Amino acid sequence: MTSPIKLGGVHHAAYRCKDAKETVEWYEAMLGMTYTTAFAEDHVPSTGEYDPYMHVFLDAGNGNILAFFELPNQPDMGRDENTPKWVQHLAFRVGSYDELIAAKAHLEANGVEVLGPTHHGIFKSIYFFDPNGHRIELACDIGTDEQYAELRRVAPLMLEEWSRTKKAPRHADWLHAAANE
């Protein structure tokens, strides 16, 4: 079945934060995002329930918006303890490997612990956490058009095999070889 919906991109992705002001200042200083908009209400527009919040929006470039909610009347922020910390993350693109290395130096100079760079075959990335405990990845693409085309070609085969076996398909093992070169 084909959906009649035609998406125009991601309007924004929203996450929870501990402190809206601290979060905005961190994303501006660490990642160069621009703080663009805030909404604050005492009642949730979609449900009508009383739950005061501050909703802040940051421009991540190319029309991509990252948003956060501070919810002072809710229990302290937690995370899904059944999901490893490395799984849930926000990944942002940088333009080159040199920019990735410069970003790492900037973050570390500001006291942020950074893991990487990690070579994924078709991109390299670094990982770190924001003040709210959200894992952030910065990635630079390094793959060729042929590599991306091959990944698109094998993606359906890999998904089908995974759904049958729940074991890692080997269709893209060449990525590991590229990462070890």
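**Exercise 1. Follow strand E7 through its two hairpins.**

Task: Find which residue of E7 stands opposite His119, then work outwards to the neighbouring strands.

Solution.
Step 1. His119 has Lys124 in E7 as its opposite number. As you look at these residues, keep in mind that the model is predicted.

Step 2. Widen the view to the two strands. E6 covers residues 115-119 and E7 covers residues 123-129, and they pair in the antiparallel sense over three bridges.

Step 3. Look at the turn. Three residues lie between E6 and E7 in this hairpin, and Gly121 in the turn has a positive phi of about 90°.

Step 4. Now move to the next partner of E7. E7 and E8 run antiparallel and are joined by seven bridges. Ser125 gives you a place to start, since its bridge partner in E8 is Ala139.

Step 5. Check the second turn. The hairpin of E7 and E8 has five residues between the strands, and here Gly133 takes a positive phi near 90°.

**Exercise 2. Build the four-stranded sheet.**

Task: Work out the strand order of the open sheet of four strands, and say which strands stand at its edges.

Solution.
Step 1. Trace the order across the sheet: E1-E4-E3-E2, with mixed pairing.

Step 2. Read off the edges. Strand E1 (13-17) and strand E2 (34-43) each have a single partner strand, so one side of each is left without a neighbour in the sheet.

Step 3. Consider the twist. On average, neighbouring strands of this sheet are turned by 25° against each other, direction ignored.

Step 4. Zoom in on one pair. Strand E3 (residues 50-59) and strand E4 (residues 65-70) are antiparallel partners over six bridges. Within E4, Ile65 stands opposite Asp59.

Step 5. Add the helix. H1, residues 20-31, lies across E1, E2, E3 and E4 and runs at about 10° to E3.

**Exercise 3. Examine three salt bridges.**

Task: The structure holds seven salt bridges. Take the pairs of Asp141, Arg164 and Arg170, and describe the setting of each partner where you can.

Solution.
Step 1. Begin with Asp141 and Arg93, whose side chains meet in a salt bridge at 3.3 Å, N to O. This pair links distant parts of the chain: Asp141 belongs to strand E8 (residues 135-141) and Arg93 to strand E5 (residues 89-93), 48 residues apart.

Step 2. Ask how open this pair is. A residue counts as exposed over 50% relative accessible area and as buried under 20%. With 67%, Arg93 is therefore exposed; with 43%, Asp141 is partly exposed.

Step 3. Turn to Arg164 and Glu160, which form a salt bridge at 3.7 Å, N to O. Both sit in helix H3 (residues 145-165), and because they are four residues apart there, about one helical turn separates them.

Step 4. Apply the cut-offs again. Arg164 is exposed at 57%, while Glu160 is partly exposed at 44%.

Step 5. Finish with Arg170 and Asp173. The closest N and O atoms of this salt bridge are 2.9 Å apart, and Asp173 is partly exposed, with a relative accessible area of 30%.

**Exercise 4. Place Thr144.**

Task: Where is the place of Thr144, and is this residue buried, partly exposed or exposed?

Solution.
Step 1. Thr144 is found in the loop between E8 and H3.

Step 2. Its relative accessibility is 36%, so Thr144 counts as partly exposed.

Step 3. Compare sequence and space. Thr144 and Phe129 are 15 residues apart along the chain, and 30 Å separates their C-alpha atoms.

**Exercise 5. Step back to the whole chain.**

Task: Describe how the protein chain is divided into domains, and sum up its elements and its surface.

Solution.
Step 1. Count the elements: there are four helices and eight strands. From the N terminus on, they run β-α-β-β-β-β-α-β-β-β-α-α.

Step 2. Mark the domains. Domain 1 takes in 9-75, domain 2 takes in 96-142 and domain 3 takes in 145-179. Between the C-alpha centres of domain 1 and domain 3 the distance is 36 Å.

Step 3. Add the overall dimensions. Along its principal axes, the C-alpha trace spans about 50 × 50 × 35 Å.

Step 4. Look at burial and surface. Of the 181 residues in the chain, 29% are buried. The chain exposes about 12,000 Å², and carbon and sulfur atoms supply 54% of this area.

Step 5. Close with the contacts. Among those between residues at least 6 apart in sequence, 47% join residues at least 24 apart.

Definitions and conventions: Residues are numbered from 1 along each chain as its sequence is written. This is a predicted model: local features need pLDDT of at least 70, side-chain atom pairs count only at pLDDT 80 or more; totals for chains, interfaces and linings use all residues. Side-chain values use heavy atoms; hydrogens and water are left out. A salt bridge is a side-chain nitrogen of Lys or Arg within 4 Å of a carboxyl oxygen of Asp or Glu. Buried means under 20% relative accessible area, exposed over 50%, partly exposed in between (1.4 Å probe, protein chains only). Domain bounds come from an automatic or database domain assignment. Two strands pair if DSSP finds at least two bridges between them. Axes are lines fitted to C-alpha atoms, for helices over the stretch in contact, and angles run from 0 to 180 degrees between N-to-C directions. Contact means heavy atoms within 4.5 Å. Accessible areas come from the Shrake-Rupley method with a 1.4 Å probe; for residues, only the protein chains shown count as cover.
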